[in-house]
Each structure stands twice: as structure tokens, then as C-alpha cells.
Amino acid sequence: MAYGLIDKLTNFLMPVEDAATEFGQPSIRERKAQFRVHAPAVLKVFVATPRNEDEVRLLADCLKNNMAVLVNYEYVDQQLQQGIHDFLSGVAFVVDGSAERISDIIYLYLPVYAQVEKQLFAVSIPTYVKKKG
């Protein structure tokens, strides 16, 4: 059932949650609001090489502002890399984005409208056969 503007305003001012759940429809609070009208025309990418955990908030803010974040973990140890990656993956999950592994030390965190297409290439390894001679 499509809701008009008046119905939405009425439900916002005077929510009727019990009536909506009786008919098998999700209640107003269970529906997730999608206000995004357009995806930005240009994807902005913020490239970072963090050296400590203090720089992570800036990366999270960039991701929340619909920017892709490319992180090079070259200058951090394995434990700090895992912590930063877990935090940024959580931020990407909250904004309905994703995290893509580029290499062992490079990750790309994407907003909801951006996608990465992967191509898998088959590599053939030549085999050498010893000839009897």
C-alpha cells in the first residue's frame, strides 16, 4: 500500500504501530528510511596511510560523507591494522557500504552507491616435459 504525504505526516505525528503489525506489515519504526535521491556524479577517493589510531576518525568521517577511502597499512603493525580495519569495516556496514581487500596491506572502503568489479584471470603455468633422448 502506497502512503501519501499526508499519511506519512499523520503517522509521524501520531504513530499507529499496533495496527500496522496486525496486518503483517512492518511497523513504522521497523521500516528503514531511504532519503538518498541521487548518487554523486563523481566518486571522491580519500587515500590514507595511517601511522597511529588517532587518524582513524578522519577516515570514518570521510566514509560517512560518501567518500571512498583507500587505506595503505604499510606503516602500522599487524595488531593495529586489524583494529583499524575492524573499525572502518563497521563504519562501512553502518552506512550500507562495503570493504574490499586490494592486497595484504591495502583495503578500499566504499559508500553504498559505489561498487568494485573483480575480474579473475586464469593463469596457466607452463609444464616442462623431459624428452627421452
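# Exercises on a predicted structure

Just after helix H3, asparagine 66 has a positive phi of about 65°. Keep that spot in mind as you work. This is a predicted model, where local features need pLDDT of at least 70 and side-chain atom pairs count only at pLDDT 80 or more, while totals for chains, interfaces and linings use all residues. Residues are numbered from 1 along each chain as its sequence is written, and side-chain values use heavy atoms, with hydrogens and water left out.

## Exercise 1: the elements

List the secondary structure elements from the N terminus on.

*Step 1.* Helices (H or I, at least four residues) and strands (E, at least two) are DSSP runs, numbered from the N terminus.

*Step 2.* The chain has 4 helices and 4 strands.

*Step 3.* Their order is α-α-β-α-β-α-β-β.

## Exercise 2: the sheet

Work out the order of the strands in the sheet.

*Step 1.* Two strands pair if DSSP finds at least two bridges between them. Strands of a sheet pair through backbone hydrogen bonds, either parallel or antiparallel.

*Step 2.* The 4 strands make an open sheet ordered S1-S2-S4-S3, with mixed pairing.

*Step 3.* S1 (45–48) and S3 (98–101) are the edge strands, each pairing on one side only.

*Step 4.* S1 and S2 (residues 68–72) run parallel and are joined by 4 bridges. Look for valine 45 opposite alanine 68 in S2.

## Exercise 3: one side of a helix

Which residues of H3 are buried, and why do they lie on the same side?

*Step 1.* Buried means under 20% relative accessible area, exposed over 50%, partly exposed in between (1.4 Å probe, protein chains only).

*Step 2.* The buried residues of H3 are Val56, Leu59, Ala60, Cys62 and Leu63.

*Step 3.* They share a side of H3 because they cover an arc of only 160° around the axis, taken from the directions from the helix axis to the C-beta atoms.

*Step 4.* S1, S2, H4 and S4 are among the elements covering these buried residues, where contact means heavy atoms within 4.5 Å.

## Exercise 4: the core

Find which element gives the most to the largest nonpolar core.

*Step 1.* Such a core is a set of buried Ala, Val, Leu, Ile, Met, Phe, Trp, Tyr and Cys residues joined through side-chain atoms within 4.5 Å.

*Step 2.* This core has 17 residues, and those touching the most other members include Leu59, Leu63 and Tyr73.

*Step 3.* H3 (56–64), S2, H4 and S4 each supply at least two core residues.

*Step 4.* H3 gives the most, with 5 residues.
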